[in-house]
Amino acid sequence: MGKVTGFKEFERKDESYKAVEERVHNYNEFTVPLSEAEITEQGSRCMDCGIPFCHSGCPLGNLIPDFNHMVHQGEWQKASLILHSTNNFPEFTGRLCPAPCEKSCVLGIIEDPISIENIEKNIVERAFKEGWIKPQEPKNRTGKTIAVVGSGPSGLATAQQLNRAGHLVTVFERDDEVGGLLRYGIPNFKMEKGIIDRRVAILKAEGITFKVNANVGVNVSVDELKAFDAIVLCGGATQRRSLPTPGADADGVVQAMDFLTQQTKVVFGKEVKDQVLATGKDVIVIGGGDTGSDCVGTSNRQGAKSVANFEIMPKPPGHRSPSTPWPYWPLQLKTSTSHKEGCDRNWLINTKEFIKDENGKLIALKTVNVEWKMVPGQRPQLIEIEGTEKTWPCDLALLALGFTGPEATIAEQLGIELDARSNYKAEYGNYQTNIPNVFTAGDMRRGQSLIVWAISEGREAARQVDIFLMGKSDLPSKNEAGDLVALH
Ligand SMILES: Cc1cc2nc3c(=O)[nH]c(=O)nc-3n(C[C@H](O)[C@H](O)[C@H](O)COP(=O)(O)OP(=O)(O)OC[C@H]3O[C@@H](n4cnc5c(N)ncnc54)[C@H](O)[C@@H]3O)c2cc1C
Ligand code: SF4
């Protein structure tokens, strides 16, 4: 535990942010870290609550009270060992996780919860700074070969775990850089891409081979993959949802992922032909999730004239809704740092038409206000409210409507079954598809989700692959208490 009276003595303190006027002029991270003394105090707030619900709140089963205690004691290296025993990449989750653990923190019932995510970030950053995170090559090689398709957080976690078990791992990535959505979805201002490069350098030094511009099923045949002893498919859920609304073919209606990817490429000096820019435009972002929020932040950095955000669902309550009591993930309004940089947020609004000029250029959006009618035993019905039609000037509409599932190319070519939601079918727990030596993890198996889940699935799938190949596994599993393989 932290300090017996820590939670009574110290209030929660979070890292702060550079001023909006300063940060919207570049694409860098803008957090201002707490001092070491402040973080130590935050660690000491952990109150040894007996049953740490945060363990199960975290999809990785992170040993949160244990690393909080070490931080409070100033034992940073031990904290790092504990943290890395369950999480391959705390530098990703420490920046980007929505931190369900904090929503299930017992202290959170009566006060602000422990700042777990920020403590996690400080531990891993300290570990990198001190040089404690070093490549760890396996002592023995098994001679077995593994192909991992996709280099997002699930592919990277799978690869690192299987390499630790002594197998020879090759990661195939169709993009020109490794990282999946961490690289080309999430903007640089939320996580600078050097954070990925720093970790990938460790993975390479540990003996993992990365092949980029390698699109499996297109320029790398699935027959090439069949030469490996096992295949793990971590291709994400990349099929974007579109909006079948009149005028959606207008010049100026753009998929959010195209907009975000282009900007990240430009930040890194890559050539982007005809970049879509928000500069000087009235921008409307359709879709109120993480992707929509990232579009808001990017539009403001590009110098948009105005930014509005539309969401078809009702505005969530400001505080935890009674329908999602502690320790559940709360239904509650989320306001991101991007929203705070300037955004007119609108709920219960539906786009009826994209209006274009005679040249096919988008000039406005027609909307209507809606409500959801709940009929017991039936799906909620969307009702338009008469007389609420409105026209919004708009030169750029960004579609941030989520993803419908993974691409089917590899499934078709290898003969893999899909589930009812068109995800690659494999049971949670064994990650094995209908082809015995082909496994799948992350968004490709569970649908669009979170980084923390992708890492968790990658770790657990790796263990199942190891058992499949070797009959047993020493790789840790979150389902096995005390299985603490403390490796960086
Ligand atoms: C804009 C945006 C913002 C987000 N923000 C957050 C956030 O703040 N916090 C959070 O927790 N989650 C966030 N998410 C969700 C999170 O990024 C994903 O859940 C996570 O990245 C999934 O990891 P993955 O490894 O399963 O798939 P991905 O990260 O999607 O990686 C899949 C990789 O597979 C590659 N691939 C696909 N097919 C092939 C093929 N045939 N051959 C070779 N390579 C292939 C792709 O190019 C990609 O690199 C966000 C998502 C988006 C879109
Ligand atoms: S990975 Fe996410 S849920 Fe797990 S401890 Fe870190 S912030 Fe909490």
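**A walk from a buried asparagine to the nonpolar cores**

At 3% relative accessibility, Asn309 counts as buried, and that makes a good starting point for a tour of this predicted model. The cut-off for calling a residue buried is under 20% relative accessible area, so a value of 3% puts Asn309 in that class. Asn309 lies in strand β10, which covers residues 306-311. Setting aside residues up to four places away in sequence, its contacts are Val285, Gly287, Gly288, His339, Cys343, Asp344, Arg345 and Asn346.

For a contrast, turn to Lys129. With a relative accessible area of 73%, Lys129 is exposed, because the exposed class begins over 50%. You will find Lys129 in helix α9, made of residues 116-130. If you would like a distance to check, try its C-alpha atom against that of Gly360: the two are separated by 53 Å, and the residues stand 231 apart along the chain.

Now let's look at the nonpolar side chains. In soluble globular proteins, these tend to be buried together. Here, the largest nonpolar core has 65 residues, and Phe67, Phe92 and Ile146 have the most contacts inside it. Helix α19, residues 451-470, gives the most to this core, contributing 7 residues. Phe67 is a handy residue to centre your view on: leaving out residues up to four places away in sequence, Phe67 touches Asn62, Ala79, Ile82, Leu83, Ile116, Ile119 and Ile123.

There is also a second, separate core, this one of 18 residues. Its members include Val216, Val222, Ile416 and Val438.

Definitions and conventions. Residues numbered from 1 in each chain as written. Chains lettered and ligands numbered in written order. Predicted model: local features only at pLDDT ≥ 70, side-chain atom pairs only at ≥ 80, totals over all residues. Heavy atoms only, no water. Helix = DSSP H or I, 4+ residues; strand = E, 2+ residues; numbered from the N terminus. Buried < 20%, exposed > 50% of the residue type's maximum accessible area, 1.4 Å probe, protein only. Contact = heavy atoms within 4.5 Å. Core = buried A, V, L, I, M, F, W, Y, C linked by side-chain atoms within 4.5 Å.
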